[in-house]
Amino acid sequence: MISYIGGKARIGKWIVPQIPTDIETYVEGFSGMFWVFFNMDLSKFPNLKTVVYNDYNRLNANLMKWSKHYTVLHEALSHYPCQQVGVEDTPPEYAQMFKQYQSEVFNDDLVITDENSLEVACKYVYVLCQVFSGSKPETATYTDYKGKYRCKVLIFMDKLMNPKYQEHFDKITFVENMDFQEVVEKYDSPTTYFYMDPPYWKTENYYSNHDFDVNDHTRLADCIKGIQGKFSLSYYDFPKLVEWFPKDGISTGKNNQLIMFQETGYKWNQKDFAKAAAAKKDGKQNMGTELLIMNY
């Protein structure tokens, strides 16, 4: 899809092999740009019947809704001029368009309707594709490539017409714009798999159009520990995690009730990755240790 803060474009290749292949329903509670799903080889999940995209950010959900209509979205985006490789002097109106669209789509008074939803999706793409990867699009500044790179709007348009991506778009059954707990309660079953990628601890304010704060980490832990299905959960480590998801399988749930999950406890896997949007002054990328916590 598109670069997005907290996105799993590269990390998804590590996560996907850890997903059971016999699942029937796949749900992401914090889908963002749905990178883990787009990294899945669908031929390896023969029982997969239902795919649920969910994001509390209404702009993300609206964009995914229109991405499923990829030919329509591609045609609409073709009318939005953007930077071109080899053209060093970027027309100033492109930056003006960016600022105008940014102010429109992130306006709290914006109401997304059937009549304007396609236009909102296009303007949101225009903003997302012309900010520094991983930055907060609501406040980020316009990136002028000065003719050195192909505009990411055009790269996204290529993906809309790419058969691999189209196969995934076609597989998406439902696009939801709900709180994570609502989507868990709606779709939980013994054959459901939830991938949860919440805003990481103490980075909650990096995200636009969300309603997730420090207390919601506790609510998320309580929510998924009691599900019928399987889950995996992405995080960077912080002290509370081992309390909520201990490796010995004993944890404190709602009302301080003791929960014995399984004899071997929750499975913790970890891997070091370069942070896509974080570089040191010497040009080297900062590293982060990604955790994947599973109940299977």
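**Lys 123, Glu 290 and the cores**

Modeller: In this predicted model, Lys 123 and Glu 104 form a salt bridge, with their closest N and O atoms 2.6 Å apart.

Biologist: What makes the contact between Lys 123 and Glu 104 a salt bridge?

Modeller: The cut-off is a Lys or Arg side-chain nitrogen within 4 Å of a carboxyl oxygen of Asp or Glu. The N and O atoms of Lys 123 and Glu 104 are 2.6 Å apart, so the pair qualifies.

Biologist: Which parts does the pair of Lys 123 and Glu 104 tie together?

Modeller: Lys 123 belongs to helix α6 and Glu 104 to helix α5, so the pair joins parts 19 residues apart in sequence.

Biologist: Why is Lys 123 called buried, and why is Glu 104 called partly exposed?

Modeller: Buried means under 20% relative accessible area, and partly exposed lies between that and 50%. Lys 123 has 9%, so the residue counts as buried. Glu 104 has 28%, so the residue counts as partly exposed.

Biologist: What links Glu 104, Glu 119 and Lys 123?

Modeller: A network of salt bridges links the three. Lys 123 also meets Glu 119, at 2.7 Å from N to O. Both Lys 123 and Glu 119 lie in helix α6, 4 residues apart, about one turn of the helix.

Biologist: How do you know that α6 is mostly covered?

Modeller: Of its 12 residues, 10 are buried. Among them are Val 120, Tyr 124 and Leu 128. The buried residues of α6 pack against α3, α4, α5 and α7.

Biologist: Which residues touch the most other members of the largest nonpolar core?

Modeller: Tyr 26, Leu 63 and Phe 156 do, in a core of 68 residues. Helix α6 gives the largest share of this core, 8 residues. A second, separate core has 28 residues, including Val 184 and Ile 293.

Biologist: Why does Glu 290 have no salt bridge?

Modeller: The nearest side chain of opposite charge, Lys 8, is 4.4 Å away. A salt bridge needs a nitrogen and an oxygen within 4 Å, so Glu 290 and Lys 8 do not make one. Glu 290 is nevertheless buried, and is found in strand β9.

Biologist: How do you know that Glu 290 touches Lys 8?

Modeller: Contact means heavy atoms within 4.5 Å. Lys 8 is among the residues that Glu 290 touches, which also include Trp 14, Tyr 236 and Phe 273. The 4.4 Å separation between Glu 290 and Lys 8 is within that contact cut-off.

Conventions. Residues are numbered from 1 along each chain as its sequence is written. This is a predicted model: local features need pLDDT of at least 70, side-chain atom pairs count only at pLDDT 80 or more; totals for chains, interfaces and linings use all residues. Side-chain values use heavy atoms; hydrogens and water are left out. Helices (H or I, at least four residues) and strands (E, at least two) are DSSP runs, numbered from the N terminus. Buried means under 20% relative accessible area, exposed over 50%, partly exposed in between (1.4 Å probe, protein chains only). Lys and Arg count as positive and Asp and Glu as negative; His and the chain ends are not counted. A nonpolar core is a set of buried Ala, Val, Leu, Ile, Met, Phe, Trp, Tyr and Cys residues joined through side-chain atoms within 4.5 Å. Lists of a residue's contacts leave out its neighbours within four places in sequence.
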